[in-house]
Amino acid sequence: MKKVTDSKKISKKNIAKLLDEWRQEFTVFVPWRDEAVAKWARWDGKDTSFLDWYRNTVVPPKAIFFPPMEEMFSFQKDREGYHLELPASDEPKQLIFGIRPCDAKALAVLNMTFSDAYEDPYYLAKRNGGVLVGLGCTNPYDSCFCTSLDSSPTDSANVDLMLTDIGDDFLVEAITDKGKALMAKTSLAEAVTRADEARAKDVKETTYAKVTKKIDTEGIKEKLLSGFDNKDLWEKIAAKCITCGICTFLCPTCYCFDINDELVKNQGERFRSWDSCAFPLYTKMPMENPRVEKWRRLRQKVCHKYVFYPMNFDVIACTGCGRCIRLCPVNWDITQTLDNLSAEAQVKMEK
Amino acid sequence: MVCYMTQESEWEPKLLGFLCKWCSYAGADLAGTSRKKYPANIRVIRVPCSGRVDPLFILKALRLGFDGVLVSGCHPGDCHYQTGNYYARRRMAITKKFLEYMGIETQRIQASWVSASEAGKFVEVVTEVTKEVKEIGPNRLFTDERRRNGTKTTE
Amino acid sequence: MAVSDISHRPRFLAKGNVYLPHIAVIEKIIDETYDTSTFHFNFKDEKLREEFTFESGQFALVSILGIGEAPFCICSSPTRIDHLECSIRQVGRLTRALHRLGVGAEIGFRGPYGNCFPLDFLQGKNLVFVGGGIGLSPLRSLIWNVVDNRDRYGNIDIIYGARSPADLCFNYDLEAWDKDKTVNMVTTVDKGDESWTGREGFVPQVLEQVAPSASNAVAIVCGPPIMIRFTFPVLEKLGFTPEQMITTLEKRMKCGIGKCGRCNIGNIYVCRDGPVFSYAQIMSFISSEY
Amino acid sequence: MKDGGMEQKLRSEAKALLEQGKVDYIIGFEAGSLKFTTTPLITSDKDDIDRLVINPFIVNNLSVYLSELKGRAGIVVKGCDSRSIVSLLQDNKVARENVVILGVPCSGIIDLGKVEKLVGKDRDEIDDITQDRDRVVITVDDNRREFPIREVLFDNCLGCELPTPQEYDILLGELTSAASDEDKIASQKKINSLKNIPPEQRWEFWRSEFDRCLRCYACRNVCPACFCQRCFVEETEPLWLLPVPRWQDNLVFQVIRNMHVAGRCTDCGECERACPVNIPLRSLTREMYDMVDELFHYKAGMDKEASSFLAAYEATDVEDFIR
């Protein structure tokens, strides 16, 4: 347990003031809902109504550090040849206010990939300058299952500052040095009372219990591997999948990308953009494609998250945010797949 | 792809024509060989039949910055392949109307029937289309907001 | 061929933004077959020419800026580095565009990436090279490397085949190895034509006929997947253990550095952990995922 | 439409079809993993049949699965879905003898988005949604509220012209009637308001809508009329569009997709429903639908003997726009 005694509180009424203070130093991102969709956007300096409606965004905060599309470099061609130019990085410091623990954990997963072996300069430049201000959930979705993945709706493990809703105030815990520095600067923080702390503890426990969807991660790697070559089972699991990119694009831990060039006259750009293992073109080589059938692609998605990623980085690349379940047009539910595979593995073992 | 470096007053529209090789292309050729003058604004792509023209070609041309697109084929009943222009007619009808609904000026998408002997009509069509497109101004449909006012001229 | 050996140089590692390609200039193009050519090129940056190193088996991402990027193995040997070489077959948008380039054109190059053939492990052993079609290109880098240090290795057998005489790549190398008394060079084609006087037959069958001994030997196999699939059983029959068989895998790649995800098979990324693998490493998934 | 009778009939018919070997699969709906959701059930196992459901939440257009399955299938369809099948028959993507159509006379599907807006709660916070003929009762925290059903139906259901399947082998219930003119007009509200603004603003509207498109291709993959083996956006030679989510490319992709499904789209509304970032795609597809009807008096999926719209012509087709 973390020592809660270091914590402060901030009145909800002062959130706008606090964000305004931070805005002097950072680009502040908050959950934003235009008429259509909840995503992350630059704070407009006024509106804090997201505190009322915000449960989680459709587009995960990975989009801030790893945008759906970004320019890698531009180039010009003249008589002397090509001239390459990196895009100007005008926003090194970004503050994400209100990130959910599942999404913060997902960024920690992305960090592993993007700093492994070779460093990814685009992601890391943004991520290293970024500050994460977490906001614990009080009202998780019925599709959330973070508690099955070593986390909780109020988990403070991967953020710089952690906020917990205790009624009229937020209890604020400074987790990292970055977070502590932020708290040291503001005069809006007040001392907490025993009652506040008790309330925070209570909120954490109550919210934890509200997450009812569960998966069993015990021996999941072995279970999945034992069914890996069971074509019939995977075909059945994949039958209703329409192989769109929703679950992977909106997954906070999915990081696959594509690189494409564009040339207009003598100048051009190289872009990278999100890609998905659900698309047949993802692995297509000129002469063959190892994953033509959709069950192979779906198997890759599931196994990559639950088997292969843990083999490399020791953490399951799923944080239980439930987006893939909520947003799937055919209600393909990864938790059911894991259940089915576990049951199948059980049957196999008994035989 | 089109440059807007020039002053607005000097601006001349750039048109792309998809001309059927059996009729309109020959018509354009005849206009040339009989020294008829028509606006130099049009660039021509010869197609085997107006039925070959996919709505995608039209949109791609607009995407690349052409100010207008003209699809021209044989008069109904005269198609070298019997019916190609009839299919083209249906396709053009919905393309034009649908793009209008999207908010694209209807003058930017044009169609005509010009036979191999109608050099005069070809000149007439190109002249009118050029005039109409000139009236509505340059195609900035696909230009990025942030670039519209700048000097960066691509897209 | 002017030869400069760079195997003693300190290992070159990309610095800064790994996604930024170096600009290289095409110096020579050799047509290998009707759809395959070997491009000789050199970096524009003089300093990089001096610093650059690579090892046999490594690959690079070659691009035409504005068209795209794709991985190709470096098919020249680190023991002969006046320039770099890549053999490229026309199969898609980028490769067709590459074939339209001429001498003097600039291409993008980033790398080298991936692991390499385990030279330490190969030293003192008898080597059996089995190649098919354009699959000879990664082997070629290693073969020249080995030939240039001939005293460090035992017997060398090269079994190389292609669909037809017209599909044989690197004819100038095949000739050189054929002349080399210390190398046993066997060339075969699936089906010969009127002028073909050499062997006929599929590579795995020819391998079985040549029957190199497995004792103290390592087989290095590169070629189309179908050839690889049929070659491993033959090698097993000849007594090679999975550890004695080495191959390279080919997957679609975009980043080359283990991030973009598409070359992932099981827990390995072919670009980061490969492309060179022993059969022992890949036998568990090669049937289900390759 | 929560009709126990219909559900019972479906289960017994489906079981019989499988038992008699008349079909290899049944494609239907079962309860979804989340509240008020259903999910496609594709099975050849008799034991799964009792999971089949029919309720006002059977959103998916299951005919999308037909062109990929091998063998014969028994498929549960609503009015619009059945027309998608007819359209697939017209294009020879499906052979009539390979499908047994289990028709559901549909009284409209409930749009959970509208429900959420109406009661100001998310789907999972709502306790109960019950349809009672033309009323719907929504319960949140023991608070029962009643609304006319038309307020919570999908727009395309509200204006539905043909709720009873056009083509079926087994009809699971009583015929239902088409929407009233008033409802039809109400269902076109978004489109009409778009038509009433100047073209520049309309373009600006679509520009900003497609700005958030992620190119997940859910709209395409969920669409039964989008059956190309290889979509034009995946073509590299020539490269029509970059597979990069820029609004320009997104917009061109969607416009061309609409061209390709002209005369095939039956206004099932799946593209708009599937879109994770809620781009009002039906405002495009429906307008195309009406345009085809208005110009050529052609409605998709009505006549399986007719040629596909873009593969046919009439000598008398409009040409007033041609010079």
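Me: Which residues does D:Ile75 touch, not counting residues up to four places away in sequence?

Reply: D:Ile75 touches D:Ile27, D:Leu62, D:Ser63, D:Leu66, D:Val99, D:Ile101 and D:Leu102, where two residues are in contact if their C-beta atoms, placed from the backbone, lie within 7 Å. This is a predicted model, in which local features need pLDDT of at least 70 and side-chain atom pairs count only at pLDDT 80 or more, while totals for chains, interfaces and linings use all residues. Residues are numbered from 1 along each chain as its sequence is written, and chains are lettered from A and ligands numbered from 1 in the order in which they are written.

Me: Which residues have the most contacts inside the largest nonpolar core?

Reply: They are A:Val133, C:Ala219, C:Ile220 and D:Ile75, in a core of 316 residues. It is called a nonpolar core because it is a set of buried Ala, Val, Leu, Ile, Met, Phe, Trp, Tyr and Cys residues joined through C-beta atoms within 7 Å. Helix H3 (residues 84-102) of chain B gives the most to this core, with 10 residues; helices here are DSSP runs of H or I with at least four residues, and strands are runs of E with at least two, both numbered from the N terminus.

Me: Why is D:Arg215 called buried or exposed?

Reply: D:Arg215 has 27 C-beta neighbours inside 10 Å and therefore counts as buried, given that a residue is buried with 20 or more other C-beta atoms within 10 Å of its own, exposed with 12 or fewer and partly exposed in between, the C-beta atoms being placed from the backbone. This arginine lies in the loop between helix H7 (199-211) and H8 of chain D, and it has a positive phi of about 60 degrees although it is not a glycine.

Me: And why is B:Arg35 called buried or exposed?

Reply: B:Arg35 has 7 C-beta neighbours inside 10 Å, so it counts as exposed. B:Arg35 also has a positive phi, of about 55 degrees, without being a glycine, and it is found in the loop between helix H1 (24-33) and strand S2 (42-47) of chain B.

Me: What makes a positive phi or a cis peptide bond worth noting?

Reply: Most residues other than glycine have a negative phi, and most peptide bonds are trans. In this model, a cis bond joins C:Gly274 and C:Pro275, with omega about 5 degrees, and C:Pro275 is in the loop between helix H8 (270-273) and strand S15 (276-278) of chain C. Another cis bond joins D:Glu237 and D:Pro238, with omega about 0 degrees, and D:Pro238 lies in the loop between helix H8 (218-221) and helix H9 (247-260) of chain D.

Me: What is the secondary structure of chain C, and why is the chain called as compact as a globular protein of that length?

Reply: Chain C comes to 10 helices and 15 strands. Its radius of gyration, taken over C-alpha atoms, is 18 Å, close to the 19 Å that the globule rule (2.2 Å times the number of residues to the power 0.38) gives for 290 residues, so the chain is as compact as a globular protein of that length. Buried residues make up 49% of its 290 residues.

Me: What makes S4(A) and S5(A) a hairpin?

Reply: Strand S4 (residues 69-78) and strand S5 (residues 81-85) of chain A pair in the antiparallel sense over 5 bridges, and since strands pair if DSSP finds at least two bridges between them, the criterion is met by those 5 bridges. The hairpin joins the two strands through 2 residues, and A:Asp78 has A:Gly81 in S5(A) as its bridge partner.

Me: Which pair of chains has the most contacts, and what does the side of chain D that touches chain A divide into?

Reply: Among the 5 pairs of chains that touch, chains A and D have the most contacts, with 30 residues of chain D in contact with 31 residues of chain A. The side of chain D that touches chain A divides into 16 nonpolar, 7 polar and 7 charged residues, where Ala, Val, Leu, Ile, Met, Phe, Trp, Tyr, Cys and Pro count as nonpolar, Asp, Glu, Lys and Arg as charged, and the others, Gly among them, as polar.

Me: What separates chain B and chain C?

Reply: No contact joins chain B and chain C, and their closest C-alpha atoms lie 14 Å apart.
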